[in-house]
Amino acid sequence: LSHPVDFEAFVTAVAGQSDHDMDPHWRVQSTQILHGLLPYTFVGRFEHYLSDFTKAFQAIGIDDTAIPALPHLCRTKSGTSEGCRNIYTPALQARVYERYRSDFEHFGYGHELPE
C-alpha cells in the first residue's frame with residue numbers, strides 16, 4: 001500500500017471479499033479450517049491461548065516439562081475491550097459480525113464486544 005488504511009476502510013475491503021479471495025490471516029476461520037469437513041476433536045481459543053496451547057501439546061504426548069514457555073507478546077497500549085470500544089462503531093461491529101457470522105456461530109462467540 002502507498003498510504004495507511006484505517007480500520008474501517010480495512011474492514012470494508014475485507015467484507016467485500018469472498019472467503020476464497022481473502023488473505024489467510026483474516027479469512028473466515030470456519031472456511032480456513034474446513035469446519036464441518038474435518039473431524040476436529042479440539043479447537044483452541046485465542047483468549048485461552050496458554051491453557052489451550054498446553055492442552056494441545058499434552059494431547060500429542062509431550063511431557064509437561066518439555067512444553068515450551070510462551071512469551072507474552074501482547075503489545076496493546078490499552079486493555080482489549082477499551083481498544084475495541086474505541087474503534088468499533090455499531091455499524092462497523094454489525095459489518096464484522098455479518099462477514100464473520102459463521103465463526104461467531106460455530107465457535108460460540110456472542111455479538112457483543114468483550115467487557
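Colleague: What share of the 115 residues of the protein counts as buried?

Modeller: Of those 115 residues, 19% count as buried. Bear in mind that this is a predicted model. A residue is called buried when its relative accessible area is under 20%.

Colleague: What makes up the protein in terms of helices and strands?

Modeller: There are six helices and zero strands. Read from the N terminus, the order of elements is α-α-α-α-α-α.

Colleague: Let's take a helix pair. Why are α1 and α5 called roughly parallel?

Modeller: Two packed helices are described by the angle between their axes and the distance between the axes. Here the axes of α1 (residues 7-15) and α5 (residues 90-99) cross at roughly 30°, and they come within 10 Å. Angles under 35 degrees count as roughly parallel, so α1 and α5 earn that description.

Colleague: Which hand does the crossing of α1 and α5 have?

Modeller: The crossing of α1 and α5 is left-handed.

Colleague: On to the charged side chains. How do you know that Lys55 and Asp52 form a salt bridge?

Modeller: Their closest N and O atoms are 3.8 Å apart. The cut-off is 4 Å between a side-chain nitrogen of Lys or Arg and a carboxyl oxygen of Asp or Glu, so the Lys55 and Asp52 pair qualifies. Both residues sit in helix α3, three residues apart, which means about one helical turn separates them.

Colleague: Are Lys55 and Asp52 buried or exposed, and what makes you say so?

Modeller: Asp52 has 8% relative accessibility, so it counts as buried, the limit being under 20%. Lys55 has a relative accessible area of 45%. That value falls between the buried limit of 20% and the exposed limit of 50%, so Lys55 is partly exposed.

Colleague: How many salt bridges are found in the whole structure?

Modeller: A search of the whole structure finds five. One of them joins the side chains of Arg45 and Glu47, at 3.1 Å from N to O. Arg45, with a relative accessible area of 25%, is partly exposed, and Glu47 is also partly exposed, at 45%.

Colleague: What makes Glu98 and Arg101 a salt bridge?

Modeller: The closest N and O atoms of Glu98 and Arg101 are 2.6 Å apart, and the cut-off is 4 Å. Salt bridges with shared partners link Glu98, Arg101 and Glu105 into one network. Glu98 counts as partly exposed at 48% relative accessibility, and Arg101 does so at 31%.

Colleague: Why is His20 called exposed?

Modeller: His20 has 70% relative accessibility. Exposed means over 50%, so His20 meets the criterion. His20 is placed in the loop between α1 and α2. Thr31 is eleven residues from His20 in sequence, and their C-alpha atoms are 8.6 Å apart in space.

Colleague: Last one from me: which residues form the nonpolar patch on the surface?

Modeller: The patch consists of Leu34, Leu37, Leu38, Tyr40 and Val43, which together have about 480 Å² of accessible area.

Colleague: What makes Tyr40 eligible for a patch, given its relative accessible area?

Modeller: Tyr40 has a relative accessible area of 42%, so it is partly exposed. Patch residues need over 30%, and Tyr40 passes that limit. Tyr40 lies in the loop between α2 (29-32) and α3 (49-59).

Notes:
Residues numbered from 1 in each chain as written. Predicted model: local features only at pLDDT ≥ 70, side-chain atom pairs only at ≥ 80, totals over all residues. Heavy atoms only, no water. Patch = residues over 30% accessible without salt bridge, like charges linked within 9 Å, V, L, I, M, F, W, Y side chains within 5 Å. Areas by Shrake-Rupley, 256 points an atom, 1.4 Å probe, with all protein chains shown as cover. Helix = DSSP H or I, 4+ residues; strand = E, 2+ residues; numbered from the N terminus. Buried < 20%, exposed > 50% of the residue type's maximum accessible area, 1.4 Å probe, protein only. Axes fitted to C-alpha atoms, helices over the stretch in contact; angles between N-to-C directions. Parallel < 35°, antiparallel > 145°, perpendicular 65-115°, else oblique. Left-handed = near helix turned anticlockwise from the far one by under 90°.
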